[in-house]
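Me: I would like to learn how to read a structure feature by feature. Where should we begin?

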Amino acid sequence: MRLILLGPPGAGKGTQAQRIVETYGIPQLSTGDMLRAAVSAGTEVGKRAKAVMDAGKLVSDDIVNAIVSERIDQPDCAKGFILDGYPRTLVQADSVEAMLSAKGMKLDVVIELQVNDSVLVDRVSGRYTCAKCGTGYHDRLQKPKVEGVCDKCGSTEFKRRPDDNAETMTTRLQDYYKKTSPLIGYYYAKGILKSVDGMAEIDAVTADIEAVLAKL
């Protein structure tokens, strides 16, 4: 099962990806995590990425694609994976398709989470995570069962992203619609796009996603 969760920031991709991980036992592949791991491990592509970052430049699509390719070859991806944060552009989508094709693989489904902009701003401005395990919470929508204590690991330390506010969210949405939203049409044309109502309750969204995955 190889899939992408698609949607603007705050749509709930992280929450739903974690539930898929727990249910199906496939890894969630975050480009940021993969990049740091490759650099830390000192792999050939990791060294290339480190040189670029040390020079204060942005890592190219070619390097990111190579890191994703390297990660997919690891044993825990044999049953499938969720791509998180990549691809973000049409050029990257073409690169992913070519890379998977070279491995004899293809994406099974791309699930779009549909959420209104006004709801996204509310969601993002209220979210925070456990500083220890990264479990996500929200001031109003998803509080820990015990106030101030992480449900998953019991930590009492939490953090918020500095850009999780209404002002920066507008800029991030504009960037999403300009660069990433064209992927909706891209994957629709390929016949693998499925859309779910991301404005429903979290458990309802999970049920809708599981209904899609059950048909694969």
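**Reading the features**

Reply: We can begin with one residue and its surroundings. Leaving out residues up to four places away in sequence, Y86 touches T31, D61, V64, N65, V68, Q92, S95 and V96. The model is a predicted one.

Me: Where along the chain is Y86 placed? Is Y86 buried or exposed?

Reply: Y86 sits in the loop between β3 and α5. Its relative accessibility is 3%, so Y86 counts as buried; the cut-off for that is under 20%.

Me: Which side chain makes a polar contact with that of Y86?

Reply: The partner is N65, and the polar contact between the two side chains is 3.2 Å. N65 is itself one of the buried residues of α4.

Me: Which other residues of α4 are buried, and what covers them?

Reply: Besides N65, the buried residues of α4 are I63, V64, I67, V68, S69, R71 and I72. Their cover includes β2 (28-30), α2 (31-41), α3 (44-54), β3 (81-84) and α5 (90-102).

Me: What span should helix α4 have, and what span does the model give?

Reply: The reasoning uses a rise of 1.5 Å a residue. Helix α4 has 12 residues, 61-72, so a span of 16 Å is expected, and the C-alpha atoms at its ends are 16 Å apart, which agrees.

Me: Q92 was in the contact list of Y86. Where does Q92 lie, and what does Q92 contact?

Reply: Q92 is part of helix α5. Its contacts, apart from neighbours within four places in sequence, are D61, Y86 and P87. With a relative accessible area of 10%, Q92 is buried.

Me: At which positions does UniProt place the feature "binding site"?

Reply: An unreviewed UniProt entry gives that feature at T31, R36, K57, L58, V59, G85, Y86, P87, R88, Q92, R161 and R172. These positions are spread over 142 residues of sequence and are also spread in space, with up to 25.8 Å between C-alpha atoms.

Me: Take V59 from that set. Where is V59 found, and which residues does V59 touch?

Reply: V59 belongs to the loop between α3 and α4. Not counting residues up to four places away in sequence, V59 touches L35, A49, V52, M53 and V64. Its relative accessible area is 18%, so V59 is buried.

Me: Which cysteines does UniProt place under "binding site", and why can they be said to gather at one spot?

Reply: The unreviewed entry places the feature at C130, C133, C150 and C153. They span 24 residues in sequence, yet no two of their C-alpha atoms are more than 8.7 Å apart, so they gather at one spot.

Me: Are C150 and C153 buried or partly exposed?

Reply: C150 has a relative accessibility of 3% and so counts as buried, whereas C153 is partly exposed at 31% relative accessible area. C150 is in the loop between β6 (136-138) and β7 (158-159), and C153 is found in the loop between β6 and β7 as well. Residues up to four places away in sequence aside, C150 touches C130, C133, T135, Y137, S155 and F158. C153, with neighbours within four places left out, is in contact with C130, K132 and C133.

Me: How do β5, β6 and β7 pair?

Reply: Strands of a sheet pair through backbone hydrogen bonds, either parallel or antiparallel. Here strand β5 (residues 127-130) pairs with β6 in the antiparallel sense over 3 bridges, and Y128 stands opposite Y137 in β6. The hairpin of β5 and β6 has 5 residues between the strands, and in that hairpin G134 takes a positive phi near 85 degrees. β5 also runs antiparallel to β7, joined by 2 bridges, with T129 opposite K159 in β7.

Me: What is the strand order of the open sheet with parallel pairing?

Reply: That sheet has 5 strands in the order β2-β3-β1-β4-β8. β2 and β8 (193-197) are the edge strands, each pairing on one side only. On average, neighbouring strands of this sheet are turned by 25 degrees against each other, direction ignored. Strand β1 (residues 2-6) runs parallel to β3, with 3 bridges between them, and R2 stands opposite F81 in β3.

Me: Which strands does helix α1 lie across?

Reply: Helix α1 (residues 13-24) lies across β1, β2, β3 and β4 (109-114), and runs at about 155 degrees to β1.

Key
Residues numbered from 1 in each chain as written. Predicted model: local features only at pLDDT ≥ 70, side-chain atom pairs only at ≥ 80, totals over all residues. Heavy atoms only, no water. Helix = DSSP H or I, 4+ residues; strand = E, 2+ residues; numbered from the N terminus. Expected span 1.5 Å × (residues − 1). Buried < 20%, exposed > 50% of the residue type's maximum accessible area, 1.4 Å probe, protein only. Contact = heavy atoms within 4.5 Å. UniProt positions renumbered as here; feature names shortened; annotations may be inferred. Polar contact = N/O pair within 3.5 Å; in protein donor to acceptor, adjacent residues only side chain to side chain. Pairing = 2+ DSSP bridges. Axes fitted to C-alpha atoms, helices over the stretch in contact; angles between N-to-C directions.
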